[in-house]
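Visitor: Could you take me closely through one helix pair in this model, and then show me how one of its helices takes part in the wider assembly?

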Amino acid sequence: MARISAALPRRGAAPFAGTRRGQDALRGLGRGLLGSLTLMLVLAAWEIFARSGAVSNFLLPPFSVVLARVWQDALSGDLLANLGVTLYRALLGFAIAAAGGVALGVLMARNAVMRWFFDPIVSVAFPMPKIAFLPIFMLWFGLYDASKLTMITFNAIFPVITATVAATEGVDKEIIWSARSLGAGERQLLWQIILPAALPQILTGLQVALPVAMIVAIVTEMLMGGQGLGAAMITASRFADSPGVFAGIVEIAVAGLCLVKGMALLRRRLLLWHQEAKEPTTV
Amino acid sequence: MAPEPSRLALGGRTGALLPPRAAARRRPAAPLFALLWRYTPILLLALLWEGATRSGLVSPLVLPALDRVGAAWWGLLASGDLTRNAAISLARAAAGLGLAVLCGTPLGILMAWFRPIRIAFNPLVQALYPMPKSALIPVMVLWLGFGSASKIVLILIGCMLPVTLSAFNGARGTEEVLVWSARSMGASRRRVLWEIVLPSALPEILSGIRTALAFAFVLLVATELIAARAGLGYMIGWLGDGGVYDAMFAVVLTVALLGFAADRAWLLVMRRVLRWRE
Amino acid sequence: MRTAAVLRIVAAFLAGMAAGVGGAAAAPLKLAVAWVETPGHLAPLVAELAKRHPEIMPNDGKTYKFEPIRFRGTTAEIPALALNDIQIAPFSDAAFALAVTNAHLDVRIVADVLQTGRKGYFPGEYVVAKNGPIKTIADIKGKRVATNTIGSEADSTMRVMLRRHGIKDSDFTTVEANFANQPAMLEEGKVDMIELLPQFAHDLMATGKYRVLFTAAQVHGVSESVFWGMRADFIKAHRPALIDFFTDYMRAVHWFLNPNNRKEALAILVAVTHEPAQNLAFAFTKHDFYHDPDLVPDIAAVQKEIDEDVRVGVLPKRVVVSPHYVDLSLIEAAKKRLAHGA
């Protein structure tokens with residue numbers, strides 16, 4: 001059976017006129033420079049204030065000292081070890097939440113019983129501060145990675161579920177009917193019509209879930225120890241090591257930024273194809 | 001500006017979490033019955049819980065029986081411990097969120113209204129947006145100690161972003177035509193801001209506060225679990241440490257339900273305010 | 001003239017207010033004293049004793065206000081001392097050194113709290129399950145260990161021992177938990193080794209399933225495990241009130257260490273800890289930590305332990321405590337006053 005999507009109207013190559021793109025790039029660069037200027041100003045203010053002696057360096061170490069510590073951590077391998085562990089937990093939990101959330105969301109959207117059963121659970125659990133369940137998870141799953149991963153997945157899955165349900169239900173019914181009338185089986189319908197059409201909104205849900213996974217990973221590490229950036233920060237605070245604490249903040253901020261930017265790039269990539277497939281041919 | 005995905009994920013500004021099925025819209029008859037039917041799965045879960053512990057399927061050490069959790073909850077309420085700590089926690093959340101709304105809403109609107117302010121603050125917002133605010137917990141404790149101050153400031157910082165972003169988006173979405181016609185009638189910039197832009201941005205702002213409300217609870221519980229001397233999170237911690245699991249479960253459920261109730265209460269407020277606006 | 005009279009009345013009123021405020025401003029000095037566990041730390045017991053026998057601490061509420069505050073471990077007190085949330089902090093050697101080198105606090109060692117390693121007294125125990133995965137110290141690699149707070153006395157002593165056996169911090173997982181909760185965690189298999197205090201030893205060791213892997217005494221010998229630290233500027237600013245406090249506190253410590261008061265001392269201990277009496281029978285005897293009757297800390301032992309911590313890498317920087325960071329004048333003044341029958 002040929003791919004159903006072949007029956008959908010296709011679009012030609014996107015019209016990236018050279019000059020237009022160049023202008024956009026230049027403008028983007030300018031904005032980027034201006035943006036980093038403000039950031040630089042803030043960092044400079046930090047440095048000057050910290051060195052002025054107005055506050056003890058214990059409360060506010062100079063930014064240069066903090067940067068030096070980040071560099072030191074990178075050289076000693078500590079940064080990679082801790083960052084690696086935290087990212088591993090966050091991304092693994094996120095992946096499970098993504099797969100499980102999409103699966104459950106699609107099931108809920110397509111099956112009335114599943115929907116009836118899970119709807120109140122999801123809608124009650126969504127606004128709850130699920131982090132409150134951490135001591136319960138510690139009781140159930142011990143103090144190694146299992147409890148951390150379960151907590152991360154438990155927190156990250158809900159935005160994925162709600163986004164998937166909304167997206168799946170929002171797929172244009174006409175496309176489904178026409179595909180069905182062309183003889184599409186349920187499986188093909190799901191993978192080649194529904195999921196691709198629902199993709200933008202699902203991706204939005206994933207974009208909410210990723211920072212959630214990161215936040216929960218760090219909080220669980222702060223509470224439970226066992227390597228990772230969160231645990232390193234708590235150890236640093238026990239040792240009255242403020243440069244260590246601030247270095248942890250910088251490292252986490254950069255890691256978070258990279259993840260979010262990475263996700264945004266991924267979205268753009270995936271949706272580029274999506275847009276191309278959806279645009280009607282010009283006559 | 002960074003995208004505001006949470007609004008979409010929350011299912012639109014009316015607040016309905018899951019959009020009603022296109023084919024089967026609920027009939028207005030017997031709404032109470034519909035409500036009960038809707039939440040029956042939760043009742044089923046509760047029965048499952050009680051059954052599992054009674055039958056001995058699950059060890060009571062791991063999952064205390066639901067009736068024991070209920071009894072423990074009652075005991076905590078009677079002793080005043082629960083109300084005292086709940087009051088402290090809720091006051092912290094309210095203070096932090098309130099300050100965030102007070103500071104974030106004008107900031108967002110001004111960012112939409114005045115280009116220099118937007119250029120100045122945009123990079124900060126972009127940089128702080130993806131940072132997990134929980135990373136600031138050790139610093140807050142360092143600067144402000146174990147008391148309420150560290151919680152309130154952390155919640156303020158964590159909630160500023162969604163509030164500012166939604167105020168920005170809402171203000172930006174104000175229909176140009178309204179602004180032009182008001183200006184052409186001689187209204188000052190300030191009047192336009194107050195009487196056109198702010199009301200127009202209101203739905204978006206209220207929705208942003210809803211997101212911020214959820215953040216406030218998460219940050220409150222996280223901080224209280226890690227570094228506190230009072231509050232519901234602290235209570236969960238020392239009950240769990242002390243092995244009083246039925247009471248611990250009771251407080252965890254209380255916190256979870258408070259978060260849920262706050263969200264629903266805010267939805268009611270939103271609907272009220274928006275209806276009055278019409 | 002009317003106006004002048006009115007002005008004079010207003011001035012007198014304001015002066016009276018100021019005097020009243022000034023009088024109220026001579027309030028008792030707030031002394032928030034941190035403590036971790038009892039009966040190792042006597043502070044909460046002293047507070048309870050003062051409630052029952054106010055004559056033992058006559059100046060409490062007058063020149064000073066004694067307020068014990070519980071902390072999970074000594075390193076957690078460093079920021080609190082920096083913020084002046086607490087005025088007296090019981091420090092481990094490591095915490096004291098960190099307060100000086102990292103927190104840049106000008107602190108002084110002022111009094112003893114408890115010591116381990118003294119012949120016959122409680123040595124500080126690290127306990128594992130007999131049939132568990134840890135048979136020798138080298139087996140701790142890759143396992144989970146409970147500690148009250150990272151950097152505390154029990155914790156840093158353990159790390160010194162582990163480093164002597166080539167085990168680095170990153171080779172095992174540390175979980176922070178109250179001393180009181182650690183036995184349950186060991187029993188439930190959540191962790192593989194805990195720090196055991198005498199008040200929790202009774203029930204755990206009675207099962208026969210656990211054994212002592214090593215003791216703190218084996219690590220450091222005689223150790224000035226916990227001692228009181230205070231900020232130098234605070235001592236300077238409030239010396240008279242502090243001498244009042246130390247005199248009263250020393251009187252209370254003498255009371256607790258006096259065998260004649262044992263029955264009531266144990267009653268106070270039960271009231272404060274809510275533990276069953278048979279678990280507390282060891283208190284104030286030779287099976288307890290050693291408490292110096294005159295609160296005199298063993299400064300040489302402090303330095304020796306700091307040096308060892310630096311040598312194995314538990315502490316990053318060395319501190320020479322004597323003479324700059326030691327101020328025993330408060331306890332000496334207190335002792336003098338007590339000797340004169342105060």
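**A helix pair in chain A**

Guide: The helices α8(A) and α9(A) cross in a right-handed sense, the near helix being turned clockwise from the far one by less than a right angle. This is a predicted model, in which local features need pLDDT of at least 70 and side-chain atom pairs count only at pLDDT 80 or more, while totals for chains, interfaces and linings use all residues. Residues are numbered from 1 along each chain as its sequence is written, and chains are lettered from A and ligands numbered from 1 in the order in which they are written.

The axes of α8(A) and α9(A), lines fitted to C-alpha atoms over the stretch in contact, lie 7 Å apart at an angle of about 45° between N-to-C directions (on a scale from 0 to 180 degrees). That angle makes α8(A) oblique to α9(A), a term for what is left once angles under 35, over 145 and from 65 to 115 degrees are set aside. On the α8(A) side the contact (C-beta atoms, placed from the backbone, within 7 Å) is made by Ile218(A), Val219(A), Glu221(A) and Met222(A), and on the α9(A) side by Leu229(A), Gly230(A), Ala231(A), Met233(A) and Ile234(A). By class, this contact has seven nonpolar, one polar and one charged residues.

Turning to the assembly, 57 residues of chain A are in contact with 51 residues of chain B. Among the elements that each supply at least two residues of the side of chain A that touches chain B are α8 (186–224) and α9 (229–238) of chain A, and α8(A) gives the most, with twelve residues. The residues of that side divide into 42 nonpolar, 13 polar and two charged.

How values were computed
Contact = placed C-beta atoms within 7 Å. Helix = DSSP H or I, 4+ residues; strand = E, 2+ residues; numbered from the N terminus. Nonpolar A, V, L, I, M, F, W, Y, C, P; charged D, E, K, R; others polar.
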